Amino acid sequence: MKIFTYNQIKELDRYTMEHEPIRSIDLMERAAKALSRTIMDNWTNRTPVVVFAGPGNNGGDAMAVARMLAEQNYAVSVYLFNISDHLSEDCVTNRQRVVDCKQIKEFVEVTTQFDPPVLEADMLVIDGLFGSGINKPLAGGFASLVKYINQSPSTIVSIDMPSGLMPEDNSYNVSANIIRADMTLTLQQKKLSFLFADCQQFIGKLRVLDIRLSKDYIEKTDARYATIEENYIRSKIKQRDDFAHKGNMGNALIIAGSYGMAGAAVLATEACLRAGAGKVTIHTPKRNYNVLQTSVPEAVMQIDREETYFSEAVDAEDFDAVGIGPGLGQHENTAIALITQLRRSQCPIVVDADGLNMLTNHRAWMQQLPKGIILTPHPKEFDRIVGTSCNGEYERLHKAQEMAENLHAFILLKGHYSALCMPDGHILFNTTGNSGMATAGSGDVLTGIITGLLARGYNAGDACTVGMYLHGLAGDLAAKDLGKESLIARDIIKYLPHAFKRLEE
């Protein structure tokens, strides 16, 4: 699903009104009906409702919802904030409709002083102060109002966006001046900021309401951001030929594991096999031999000359993909072997974990990375790579986007909504996965999956996209059966076949 910027959302509204055609006030009415239905599905008319409406179209939406709820016998009080004596045209229309509605319990238009109502625990507060149009933090009286609403025991539902939250960049926002909603009812599409961990505290439960904006505009308009949907992944899955043999199903090389970190090598290797690679070779130090040979007997062993660490690059000419980094350690000889391996390998490469840490310690090497390389950092690893602290997730994403374009690389920034930043500037957000996967070894499994898909013949973009979706889906299926609290990385591998089966059905 595409995620449009604020300017594109405005253009989508305008295009819909021109080409449907439909008047702005009627489109607002359509949105209000969708909002009201959702509210009525969740709260009965025994729930007192307090509506806070701002001077723009978000306030117009809120007053239209207030009227519709009142007509269904909800006790509704409306507070319209008209501090500057300037309301949008549709807000003016809906103000009059509220004034004319006999069922409205109370209507107050605030122009100067405001005596706030008492907000009780049994009340529903509808936040319609500001939508996606703001571009600076709330201040003054509106900031005070937000704090008053937030400290109340009432349940809060925000229309389109929690007031004070910006649709994209909140790097320099003031968190105390943003509504903390229990539920956000957003219109037509998710906003970019909804995908960031540092914004979740404001959103609550998110519902996306279809208000039938122009499908034509949505389909033909390029969006830099998008979320991955299951049908898209289904279309990317390669079918296994009935006459396939291991020789044409891909040959993968995993370089992983220092002494004491053999488990990372085991997880990456087994995940690579489970991702469908016909043959997987694991290159690891001598002391890991018994562990790997016993744990993953299906893999071919290739032993480093050193006892405890990876010490020299290997010939990768016969391999279709290389995954390097899990549990590798950061010995200086290992770092030299790493950059040598990256320079010499002609096949697609995935770099994770200690591989990334060593690049961080030798930042000049970043410019020597081969085009099309895949880097899979978690946020802290990425911050160390760029060498500066990122002020919020939007800034981190923007820097990852720039890095992907500059290096012609694929940067998979891991998180709840893992973000794949591609060389062409586009970003895809994953929609599978859960907090149970926040466990040691989960990233090693992802490295193995992507490496296996590359060996199978997926291009880099598809291997990352399908890989992170499968990784999250396997985690979701495991959590459904086992619960999140006890989930471990090996459970993700165990449920990977179930994830494949679901996508193939």
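## Cysteines

Cys 101 has a relative accessibility of 9% in this predicted model, and because that value lies under the 20% limit, the residue counts as buried. The cysteine sulfur closest to that of Cys 101 belongs to Cys 91, and at 16 Å the two are too far apart for a bond. Cys 272 also counts as buried, with a relative accessibility of 0%, and its sulfur lies 11 Å from the closest cysteine sulfur, in Cys 347, which is again too far for a bond.

How many disulfides does the structure hold? The count is zero. A disulfide is a covalent bond between the sulfur atoms of two cysteines, and the cut-off applied here for such a pair is 2.5 Å.

## Overall architecture

The protein chain has 17 helices and 18 strands, and its C-alpha atoms fill a box of roughly 85 × 50 × 40 Å along the principal axes. Of its 505 residues, 57% are buried. Among contacts with a separation of 6 or more, 73% are made by residues 24 or more positions apart.

## The seven-strand sheet

Seven strands make up an open sheet in the order β4-β3-β2-β5-β6-β7-β8, and their pairing is parallel. Why does one side of β4 and one side of β8 lack a neighbour in the sheet? β4 (106-110) and β8 (205-209) stand at the edges and have a single partner strand each, so one side of each is left free of a neighbour in the sheet. On average, and with direction ignored, neighbouring strands of this sheet are turned by 15 degrees against each other.

At the β4 edge, five bridges connect β4 with strand β3 (residues 76-81), and these two strands run parallel; within this pairing, Val 78 has Phe 107 in β4 as its bridge partner. Two helices can be placed on the sheet. Helix α2 (residues 24-42) packs on it and touches β5 (124-128), β6 (155-159), β7 (183-187) and β8, with a direction that makes about 155 degrees with that of β7. Helix α4 (residues 89-100) likewise packs on the sheet, where it touches β3 and β4, and its direction makes about 145 degrees with that of β4.

## The eleven-strand sheet

A second open sheet contains eleven strands in the order β1-β9-β18-β17-β16-β15-β14-β13-β10-β11-β12, and here the pairing is mixed. Its edge strands are β1 (2-3) and β12 (300-303), each of which pairs on one side only. Helix α16 (residues 460-482) packs on this sheet and touches β15, β16, β17 and β18 (427-429), while its direction makes about 10 degrees with that of β16.

Several neighbouring pairs illustrate the mixed pairing. Strand β14 (residues 349-351) is joined to β15 by two bridges and the two run parallel, with Val 350 bridged to Ile 374 in β15. Strand β15 (residues 374-375) is in turn joined to β16 by two bridges, again with parallel strands, and Leu 375 stands opposite Ile 411 in β16. By contrast, β16 and strand β17 (residues 419-421) run antiparallel and are joined by three bridges; Leu 413 stands opposite Ala 419 in β17, and five residues separate the two strands in a hairpin.

## Strand β16 and helix α13

Is strand β16 (residues 410-413) covered on one face or on both? Both faces are covered, since Phe 410 and Leu 412 on one side and Ile 411 and Leu 413 on the other are all buried.

Helix α13 (residues 379-386) contributes to these surroundings, as its buried residues pack against β16 as well as against α12 (354-361) and α14 (393-407). The buried residues of α13 are Glu 381, Phe 382, Asp 383 and Ile 385. Gly 387 follows the helix and has a positive phi, near 80 degrees.

## The packing of α9 and α15

Two packed helices are described by the angle between their axes and the distance between the axes. For helix α9 (residues 262-274) and helix α15 (residues 442-456), the axes come within 7 Å and cross at roughly 35 degrees, and the crossing is right-handed.

On the α9 side the contact involves Ala 264, Leu 267, Ala 268, Ala 271 and Cys 272, which meet Asp 444, Val 445, Gly 448, Ile 449, Thr 451 and Gly 452 in α15. The residues of this contact divide into seven nonpolar, three polar and one charged. Cys 272, one of the α9 residues in the contact, is the buried cysteine with 0% relative accessibility described above.

Methods
Residues numbered from 1 in each chain as written. Predicted model: local features only at pLDDT ≥ 70, side-chain atom pairs only at ≥ 80, totals over all residues. Heavy atoms only, no water. Buried < 20%, exposed > 50% of the residue type's maximum accessible area, 1.4 Å probe, protein only. Helix = DSSP H or I, 4+ residues; strand = E, 2+ residues; numbered from the N terminus. Pairing = 2+ DSSP bridges. Axes fitted to C-alpha atoms, helices over the stretch in contact; angles between N-to-C directions. Left-handed = near helix turned anticlockwise from the far one by under 90°. Contact = heavy atoms within 4.5 Å. Nonpolar A, V, L, I, M, F, W, Y, C, P; charged D, E, K, R; others polar.
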